[in-house]
Amino acid sequence: MTRQVAVTGVGVVAPGAIGSDAFVELLGSGRTATRAITLFDPTGFRSRMAAECDFDPAEHGLSPHEAQRMDRYVQFAAVAAREALDGAGLDIAAEDPWRTGVSLGSAVGGTTLLESDYIRASARGSSWEVDHERTSPDLHRVFSPAPLAGEIAELSGAQGVVHTVSTGCTSGLDAVGYAFQAIAEGRADVMITGASESPVSPITVSCFDAIRATSERNDAPERASRPFDRDRDGFVLGEGAAVLVLEELDHARRRGAEVHCLVGGFATRSNAYHMTGLTREGIELAESIERAMQQAALGPDAIDYVNAHGSGTKQNDRHETAAFKLALGGRAREVPISSIKSMVGHSLGAIGAIELAACVLAMDESLVPPTANLENADPECDLDYVPVTARQARLDTVLSVGSGFGGFQSAVVLDRRELR
């Protein structure tokens, strides 16, 4: 692959921050956006908190018809995509539509509308015979995650490579990785890519309650997401979206676009081990990191910052620490590493894209985001996990990683060395 891939646009809908400017402010402040659930009555659930987006579709430019047609996670993606395209200054109408594509990720798709419509159609579950006249006429759009990419293609006019990626909590990283490959391999010149999720609903909370993966710190939700902390007790569910505009580098330069950074490498591997379990050694994640760095033609000493998966579960934090030591060697003890899930929660399929957007903006701002709530480090997580307070540092190369249910392990390298 000789074609280089540039990031020219960023759009974000995150808990506590709608838009890139607000998102950067949140990352720098170390402020948490986790709180008691307001999107439904969580009484009776084991975990009753989430990182929610204060999002009004009309305020963010969606028409009544769009708001009715799109489930909440598609609305997030549409708003993020418009911000990313505006930021890129890209006139889609002037582009070859067959060379413009969409690659978006989501783990659970239209859970919100699917659940609420089922409740209506079944009279709150009391009737086995569901009444289709009680459902939304757009219910068919939420039956699978596929319409996410289709809606953004319709919005943008992209007619090239268009797909939705659903690989659990690595969906966002993988969607961007596949978009990167589409451009690098010559199948597209422009890709609108990222991920979106709106999983804060009774069925999703029930799923994670059942396996005790989420935090029970309901009396202090703003302090509940504590990656790498000795006193963590699980992750906090979140929602949101992030969209990047990727372009072949010469294509971006010909039109005078601002280039934030390059996507240097992407790799994904499976642990072929367990649906939710992780190996203690972290070999599979280390393999992804090494292959992504190899594609980017850089070694561990060149990495300036690592955005960790950092979900706040003991299993993940120790697996990830082992993987960093394997892949980065001695550099693992020198490089700053942090988890923004401590501030914006874990939005499942969307979070990988939100974290990549954070990395791009952190490079722009020379900012190392902190791990909020990291007050008592787990002795087995003995790396520099940037507790509580952000740092200023020049970031030329950044590594972002993720793990997903199903055994997925993914890594993306961002690189701006050539742009300095």
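## The main core

A nonpolar core is a set of buried Ala, Val, Leu, Ile, Met, Phe, Trp, Tyr and Cys residues joined through side-chain atoms within 4.5 Å. In this predicted model, the largest such core has 51 residues, and the members that touch the most others are Phe23, Leu246 and Leu414. The element that gives the most to this core is helix α12 (residues 351-365), with eleven residues.

Let's look at Phe23. Leaving aside residues up to four places away in sequence, Phe23 touches Val12, Ala14, Ala17, Ile340, Val344, Ile354, Ala357, Ala358 and Leu361. There's also a second, separate core, made of 30 residues, with Val74, Phe76, Ala88 and Val102 among them.

## The chain as a whole

Stepping back, the protein chain has twelve helices and 15 strands. Its radius of gyration is 20 Å, close to the 22 Å that the globule rule gives for 420 residues, so the chain is as compact as a globular protein of that length. Along the principal axes, the C-alpha atoms fill a box of roughly 60 × 55 × 40 Å.

How much of the chain is buried? Of its 420 residues, 60% count as buried. As for contacts, take those between residues at least 6 apart in sequence: 78% of them join residues at least 24 apart.

## Helix α5 and its cover

Now for helix α5, which runs over residues 147-156. Its buried residues are Leu148, Ala149, Glu151, Ile152, Ala153 and Ser156.

What covers these buried residues of α5? The cover includes two helices, α2 (64-69) and α3 (72-88), along with the strands β5 (100-105), β6 (162-165) and β7 (190-197). After α5 comes Gly157, with a positive phi near 85 degrees.

## Where α6 crosses α12

Two packed helices are described by the angle between their axes and the distance between the axes. Helix α6 (residues 171-184) and α12 make a pair to try this on: their axes come within 5 Å and cross at roughly 65 degrees. Angles of 65 to 115 degrees count as roughly perpendicular, and α6 and α12 are therefore roughly perpendicular to each other.

Which residues meet here? From α6 come Gly172, Leu173 and Val176, and from α12 come Gly352, Ala353 and Leu356. Sorted by type, the residues of this contact are four nonpolar and two polar, with no charged ones. Helix α12 is also the helix that gives eleven residues to the largest nonpolar core.

Methods
Residues numbered from 1 in each chain as written. Predicted model: local features only at pLDDT ≥ 70, side-chain atom pairs only at ≥ 80, totals over all residues. Heavy atoms only, no water. Buried < 20%, exposed > 50% of the residue type's maximum accessible area, 1.4 Å probe, protein only. Helix = DSSP H or I, 4+ residues; strand = E, 2+ residues; numbered from the N terminus. Contact = heavy atoms within 4.5 Å. Axes fitted to C-alpha atoms, helices over the stretch in contact; angles between N-to-C directions. Parallel < 35°, antiparallel > 145°, perpendicular 65-115°, else oblique. Nonpolar A, V, L, I, M, F, W, Y, C, P; charged D, E, K, R; others polar. Rg over C-alpha atoms; globule rule 2.2 N^0.38 Å.
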